[in-house]
Amino acid sequence: MENTKKLSDFLGAHFIYTYANGWKYELYVKNEDTIDYRIHTGMVGGRWVKDQKADIVELTAGIFKLSWTEPTGTDVSLDILPNENKLHGVIFFPKWVHEHPEITVRFQNDFLDLMYESRLKYDTYPKYVVPEFGKITFKKNEGMNNEKVIAVAPYDGMIEEIENGKLTFN
Ligand code: FER
């Protein structure tokens, strides 16, 4: 994935990155309006999600922006510069996710009702805003709509297996 210039190069991209606060995330840009992801470490480490709808655009050559709102009420906006192995993310957590992160740490797709109940039951405000730069440590185009990329829960050692090529998805 040396040169990611156009949106068509970006669709199908799989990234692992570490935020400056130490949180490790994995993102798969599944198609023009859908992402899958795994959260390896951090406040909601262990959480994983498939088929999250997102707005995905190319701001200018090689610079991409993804924005979405989750069933938990968490909002995320990412600016990704694949050719510089760099991104900037802003996560806007509702107060309840900051206070009870464990409720969201699961395969969300099997617990959508729990997310919808929790976001009504607990407090939204004030939100906990986390703006961080991140460093991309792995990038590969896995093709679009590849269900193998994000198919199991994150586990210890998984990032290393992906980065050293022991675990592949094609
Ligand atoms: C990211 C930052 C936040 C990301 C996902 C999230 C896959 C989601 C956070 C959450 O669900 O709480 O870079 O990329």
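**Figure 1. Ile80 of strand 7 is the bridge partner of Phe64.** The close-up is taken from a predicted model. Strand 6, residues 63–69, runs antiparallel to strand 7, and six bridges join the two. The two strands form a hairpin in which five residues lie between them. Gly73, in the turn of this hairpin, has a positive phi of about 95°.

**Figure 2. Ile80 is also the bridge partner of Leu87, a residue of strand 8.** Strand 8 covers residues 86–93 and pairs with strand 7 in the antiparallel sense. Seven bridges make up this pairing. A hairpin is formed here too, with four residues between strand 7 and strand 8. Asn85 sits in the turn and has a positive phi of about 50°. Strand 7 itself, residues 75–81, is mostly covered, with five of its seven residues buried. In a regular strand, side chains point alternately to one face of the sheet and the other.

**Figure 3. Tyr19, Tyr37 and Arg47 each place a polar side-chain atom close to an oxygen atom of the ligand.** The distance is 2.5 Å for Tyr19, 2.6 Å for Arg47 and 2.8 Å for Tyr37. Taken alone, the ligand exposes 370 Å², of which the protein buries 99%. There are 15 residues around the ligand, and those that come nearest are Tyr17, Tyr19, Tyr37, Arg47 and Glu70.

**Figure 4. The ligand takes up the space of the largest cavity.** Several strands contribute to the shell around the ligand, each with at least two residues: strand 1 (13–19), strand 2 (24–31), strand 3 (34–39), strand 7 and strand 8. Strand 2 supplies three residues, the largest share of the shell. Strand 7 and strand 8, which belong to this group, are the antiparallel pair joined by seven bridges.

**Figure 5. Val152 lies in the loop between strand 9 and helix 4.** Strand 9 spans residues 128–141, and helix 4 spans residues 158–163. Val152 counts as partly exposed because its relative accessibility is 42%, and the limits of that class are 20% and 50%. Phe107 is 45 residues away from Val152 along the chain, and the C-alpha atoms of the two residues are separated by 8.7 Å.

How values were computed:
Residues are numbered from 1 along each chain as its sequence is written. This is a predicted model: local features need pLDDT of at least 70, side-chain atom pairs count only at pLDDT 80 or more; totals for chains, interfaces and linings use all residues. Side-chain values use heavy atoms; hydrogens and water are left out. Buried means under 20% relative accessible area, exposed over 50%, partly exposed in between (1.4 Å probe, protein chains only). Two strands pair if DSSP finds at least two bridges between them. A residue is near a molecule or strand if one of its heavy atoms lies within 4 Å of it. A polar contact is a pair of N or O atoms within 3.5 Å; within protein, one must be able to donate a hydrogen and the other to accept it, and residues adjacent in sequence count only if both atoms are side-chain atoms. Accessible areas come from the Shrake-Rupley method with a 1.4 Å probe; for residues, only the protein chains shown count as cover. On a 1 Å grid over the protein atoms alone, a cavity is a set of points where a 1.4 Å probe fits but cannot get out, and a pocket is an open set with protein on both sides within 12 Å along at least five of seven lines; lining residues have an atom within 4 Å of a point. A molecule sits in a cavity or pocket if more than half of its atoms lie within 2 Å of its grid points.
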